[in-house]
Amino acid sequence: MSKKERVKKKPTFIQGFFPILFMVISLTLGVGVLKIRTEPIIIISAFVAGIIAWRLGYSWEEMQAGVIEKIARALPATLILWSVGLLIGSWMFSGTVPMIIYYGVRIVNPKYLLVTAFIISAILSTITGTSWGSAGTIGVAIMGIAGGLGAPLAPVAGAVVAGAYFGDKLSPFSDTTNLAPLAAGSELYEHIKHMLYTTIPATIVSLIVYFIVGMGTSGEVGTPETVDLLQGQLDSMFNWNILLLLPVVFIIAGSLLKLPTIPTMLGTSIFSVIIGMIVQGFTLKNGFISLIQGFNVSMTGYEGEISTMVTTLINRGGVVSVTSTTVLVFCAMGFAGIISISGMLDVVLEELLKRVKTTAGIILSTIASCFTVAFVTGNSYLSILIPGELFRDVYVERNLHPKNLSRTLEDSGTVLVPLIPWSAAGAYMSTTLGVSTMEYLPWAILNYMGIVFAIILAFTGFGIAKLSPEDKKRIQEEV
């Protein structure tokens with residue numbers, strides 16, 4: 001009997017669930033214990049799923065078609081990720097991000113230290129799309145100020161983490177902000193707009209707590225040596241000019257006017273390179289290098305020893321900086337493609353949905369799934385991609401708009417990971433800010449209040465978008 005004539009069998013629940021269980025256990029041991037990279041573990045899990053699919057009667061050609069279909073679905077978000085790398089590199093080249101940090105540090109007031117830490121970190125991470133970059137630059141400066149004032153460090157670190165992940169969650173330049181609508185089947189800007197239902201209340205609660213706690217702080221603002229060094233070196237490297245804010249204006253205008261994301265980013269990147277040449281006097285060659293490989297401190301021509309804080313800020317951006325995320329997405333889509341085309345994912349969902357009857361139940365199941373993946377793997381990308389693939393068709397079938405799913409993925413996936421001590425994000429934040437994860441966890445209010453408000457919306461129905469019969473039919477036809 002030829003491969004094309006092989007009879008296909010419907011997988012049992014055990015057959016469908018085994019590859020998922022294998023991947024979860026492998027990630028727990030491999031990433032959590034042995035500190036192995038995530039990508040090879042997912043590839044091995046895909047191989048295990050492929051063996052089961054082959055025994056069910058699926059040929060390699062059919063499995064390959066499923067993988068290609070999933071990767072093709074991921075390509076638009078991948079192009080956006082590459083555009084984000086271009087944009088960050090160009091904004092470093094123009095001096096836009098350094099200027100924002102330079103002047104942002106100067107507005108700190110002791111009574112509003114927590115509020116300031118949150119807001120400045122949120123602004124920077126929203127503009128750059130990176131929580132790590134925000135915490136590693138302005139966050140470090142704020143912690144230095146807090147130390148100089150003798151303020152408790154845990155609340156300040158929590159405010160920095162919360163602000164950093166505000167931008168990571170909402171910025172159109174953030175990889176997770178692009179991955180969530182990719183996994184859910186929604187669109188980028190409708191996803192960002194829909195997240196405001198949970199993010200705005202969580203932000204208000206955070207600011208109220210930070211304001212009340214901050215009012216008990218006393219003392220005068222000094223200029224810690226680290227902050228003084230940061231400002232001095234940035235001032236020597238770059239020329240400050242109001243023109244450096246134009247790239248920010250262009251991006252905001254493009255977002256408000258709902259212009260195509262990729263052309264807007266590409267156009268702004270090119271414009272930023274031109275500004276860097278005019279205002280900073282940098283060369284066109286270095287501008288192109290910044291777009292692809294990222295900006296490097298050597299391009300400024302600065303002479304002397306440069307602090308680690310400054311190089312953390314400067315040596316960033318470029319398409320190369322987002323390639324690891326792209327590889328992870330492709331690996332995850334490979335696994336998803338095999339378990340989807342073979343029907344393994346369907347039998348798992350069928351069993352799950354026998355016990356889930358309401359909209360609140362579906363959203364709570366999504367939250368639990370994201371929490372489990374995040375807790376086990378410590379990886380924000382997997383906490384988005386795996387639950388997104390599991391629940392994508394379920395939301396449409398239950399007449400729930402995909403943007404409900406993408407919002408829930410961010411509320412319970414992206415922002416939860418830095419609160420897990422063994423995650424890469426938790427380790428990075430703890431090391432960078434000098435405060436342990438468990439110490440700053442209670443103060444990273446936004447990171448867990450989003451889940452609280454997501455649950456409230458699930459039970460009240462407020463902010464839950466429904467699909468019209470026409471939209472449901474269109475989405476099902478696209479899939």
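A residue counts as buried when its relative accessible area is under 20%, as exposed when it is over 50%, and as partly exposed in between. Keep that scale in mind as you click through this structure, which is a predicted model.

**Stop 1: a salt bridge out of sight**

Select D411 first. Its relative accessibility is 0%, so D411 is buried. Now add K169, which is buried too, at 1% relative accessibility. The two residues form a salt bridge, and their closest N and O atoms are 2.5 Å apart. Colour the helices around them: K169 sits in helix α7 (residues 153-170) and D411 in helix α19 (residues 402-414), so this pair ties together parts that lie 242 residues apart in sequence.

**Stop 2: the other salt bridges**

How many salt bridges does a search of the whole structure find? It finds three. Side chains of opposite charge can pair when their charged atoms come close.

For another of them, select K8 and E62, where the closest N and O atoms are 2.9 Å apart. K8 belongs to the segment before α1, while E62 is in helix α3 (residues 60-94), so the pair links parts 54 residues apart in sequence. K8 is partly exposed, with a relative accessible area of 37%, and E62 is partly exposed as well, at 26%.

Then pick R37 and E39, whose side chains meet in a salt bridge at 3.0 Å, N to O. Is each partner buried or exposed? E39 is buried, with a relative accessible area of 10%, whereas R37 is exposed at 53%.

**Stop 3: a nonpolar patch**

Switch to a surface view and select F13, I14, F17, L21, I25, L29, V33, L34 and I36. Together they make a nonpolar surface patch of about 840 Å². One of them, L29, lies in helix α1 (residues 13-33). L29 is partly exposed, with a relative accessible area of 48%.

**Stop 4: inside the protein**

Next, look for enclosed space: there are three cavities of 30 Å³ or more. The largest cavity has a volume of about 110 Å³. It is lined by 14 residues, and to find its centre you can select the closest ones, F335, A336, I339, I386 and E389. The elements that give two or more residues to this lining are α1, α15 (323-341) and α18 (380-397).

**Stop 5: two cysteines**

Finish with C331 and C370. C331 is buried, with a relative accessible area of 12%, and C370 is buried at 0%. If you were hoping to display disulfides, the structure holds zero.

Note on methods
Residues numbered from 1 in each chain as written. Predicted model: local features only at pLDDT ≥ 70, side-chain atom pairs only at ≥ 80, totals over all residues. Heavy atoms only, no water. Patch = residues over 30% accessible without salt bridge, like charges linked within 9 Å, V, L, I, M, F, W, Y side chains within 5 Å. Areas by Shrake-Rupley, 256 points an atom, 1.4 Å probe, with all protein chains shown as cover. Salt bridge = Lys/Arg side-chain N within 4 Å of Asp/Glu carboxyl O. Helix = DSSP H or I, 4+ residues; strand = E, 2+ residues; numbered from the N terminus. Buried < 20%, exposed > 50% of the residue type's maximum accessible area, 1.4 Å probe, protein only. Disulfide = S-S within 2.5 Å. 1 Å grid on protein atoms, 1.4 Å probe; cavity = no way out; pocket = protein on both sides within 12 Å on 5 of 7 lines; lining within 4 Å. Points joined across faces, edges and corners; volume = space filled by probe spheres on them.
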